[in-house]
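User: I'm new to reading protein models and would love a close look at just one part of this one. Could you walk me through it step by step?

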Amino acid sequence: MERSFGIFETVRVENGKAIFIDYHFRRLKKSSKSLKIPLLLSLEEFKKRIEESADYEVSLVRLTLYRNGNYDVSSRPCQKKSSVTLIPVNNIKRYYSPISLHKTIDIMDSIYAIEEARKLGGDEALLFDINGFISETAFANIFFVKDGIFFTPSLKTGCLPGTRREFILNLLKEMDIPIFEGFYSLEDLISADEVFITSARYDVAQVKKIGKVELKTPAGKSWGKRILDIIQSFI
């Protein structure tokens, strides 16, 4: 029972350095407090454990924290893409709850969704909430830009508060660029000037296609690429 209740963080490690480790630790600590899961690691210990467990030049290192305070760590290679195709998957729904705000170990629905998307030639599954609004992808948050204004689904759609999502929200506010969190349709995405997803794996990846629909190609340097350059300046 103890190992069926837990939370985790997946951190990208490049050239021995854990990326955005502060953001990951802050989320882990917040979730552990909320769900009453003991976290006995300090930020420094968390960082050391993640970095020493990276087995590849670019690794995704997962630390899983269980209800009794025990944890384990695993590593797998990280393959990044600069652009992706999303496939809408309608038989898996996101919904808001006290649990949806946390990265819990129950991810069978996400695994099922991405496998369905890949069967149809996609890279990621585009998921919706129970009211039909866009929520996130199976393993990433989503942003779109229209007329210089940024939009991202509200956490009330059941999407995860991702580390890159938090960074980008803060960045845009600091730059006085309009950003709205709300409830958006598939049509909103398709008609956008630019769409990109964010996660520990990709940082930022441009969405080139949703289902069979080719999206607009941003004129000049895309906002996604600009934000990616800022993120990479921290690496």
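Analyst: Happy to! Keep in mind that this is a predicted model. Let's begin where helix α1 ends: α1 is followed by Lys36, whose phi is positive, near 60°. Most residues other than glycine have a negative phi. Lys36 is not a glycine, yet its phi is positive. You will find Lys36 in the loop between α1 and α2 (43–52). With a relative accessibility of 70%, Lys36 counts as exposed.

Now step back into the helix itself. α1 is built from 14 residues, and the distance from its first C-alpha to its last is 20 Å, close to the 20 Å expected at 1.5 Å a residue. Which residues of α1 are buried? They are Ile21, Tyr23, His24, Phe25, Arg27, Leu28, Ser31 and Ser32. The partners that these buried residues pack against are β1, β2, α2, β3 (58–66) and α4.

One of the buried residues of α1, Ser31, also leads us to another part of the chain. His102 touches Ser31, along with Ser34, Leu35 and Leu160, leaving out residues up to four places away in sequence. His102 sits in the loop between β5 and α3. Is His102 buried or exposed? His102 has 10% relative accessibility, so it counts as buried.

Next comes α4, one of the partners of the buried residues of α1. For the 12 residues of α4, a rise of 1.5 Å a residue gives an expected span of 16 Å, and the 17 Å between its end C-alpha atoms agrees with that. The buried residues in α4 are Thr163, Arg164, Arg165, Phe167, Ile168, Leu169, Leu171 and Leu172. Just after α4 there is another positive phi, at Asp176, of about 60°.

Helices α1 and α4 also take part in a pocket. The second largest pocket holds about 340 Å³ of space. Both α1 (21–34) and α4 (163–174) supply at least two residues each to its lining. Which element gives the most to that lining? It is α4, with 6 residues. In total, 15 residues line the second largest pocket, and Arg27, Lys30, Leu155, Pro161 and Glu166 lie nearest its centre. Sorted by kind, the lining has 4 nonpolar, 5 polar and 6 charged residues. Arg27 is a nice one to pick out on screen: it is among the buried residues of α1, and it is also among the residues nearest the centre of the pocket.

Just ahead of α4 in the chain is a loop worth a visit. Lys156 is found there, between β9 (149–153) and α4. Its relative accessible area is 49%, so Lys156 is partly exposed. Setting aside neighbours within four places in sequence, Lys156 is in contact with Tyr96 and Phe183. The C-alpha atoms of Lys156 and Ser100 are 9.0 Å apart, although the two residues are separated by 56 residues along the chain.

From Lys156 we can look across to helix α3. Glu116, found in α3, has its C-alpha 25 Å from that of Lys156, and the two are 40 residues apart along the chain. Glu116 counts as partly exposed, at 23% relative accessibility.

How do the buried residues of α3 sit around its axis? Those residues are Ser110, Ala113, Ile114 and Ala117. Viewed down the axis of α3, they fall within an arc of 95°, so they line one face of the helix. Here is the idea behind that pattern: an α-helix has 3.6 residues a turn, so residues three or four places apart point the same way. The cover over the buried residues of α3 includes β5 (83–94) and β6 (124–129). On the other side of α3, Met108 and Lys119 are exposed. The length of α3 fits too: its 12 residues (108–119) should span 16 Å at 1.5 Å a residue, and its end C-alpha atoms are 17 Å apart, which agrees. After α3 comes Gly121, with a positive phi near 90°.

To finish, compare our starting point with one more residue. Asn15 is not a glycine either, and it has a positive phi of about 50°. Asn15 lies in the loop between β1 (6–14) and β2 (17–18). Its relative accessible area is 65%, so Asn15 is exposed.

Terms used:
Residues are numbered from 1 along each chain as its sequence is written. This is a predicted model: local features need pLDDT of at least 70, side-chain atom pairs count only at pLDDT 80 or more; totals for chains, interfaces and linings use all residues. Side-chain values use heavy atoms; hydrogens and water are left out. On a 1 Å grid over the protein atoms alone, a cavity is a set of points where a 1.4 Å probe fits but cannot get out, and a pocket is an open set with protein on both sides within 12 Å along at least five of seven lines; lining residues have an atom within 4 Å of a point. Grid points are joined across faces, edges and corners, and a volume is the space filled by probe spheres set on the points. Helices (H or I, at least four residues) and strands (E, at least two) are DSSP runs, numbered from the N terminus. Ala, Val, Leu, Ile, Met, Phe, Trp, Tyr, Cys and Pro count as nonpolar, Asp, Glu, Lys and Arg as charged, and the others, Gly among them, as polar. The expected span of a helix is 1.5 Å times one less than its number of residues. Buried means under 20% relative accessible area, exposed over 50%, partly exposed in between (1.4 Å probe, protein chains only). The arc is that of the directions from the helix axis to the C-beta atoms. Contact means heavy atoms within 4.5 Å.
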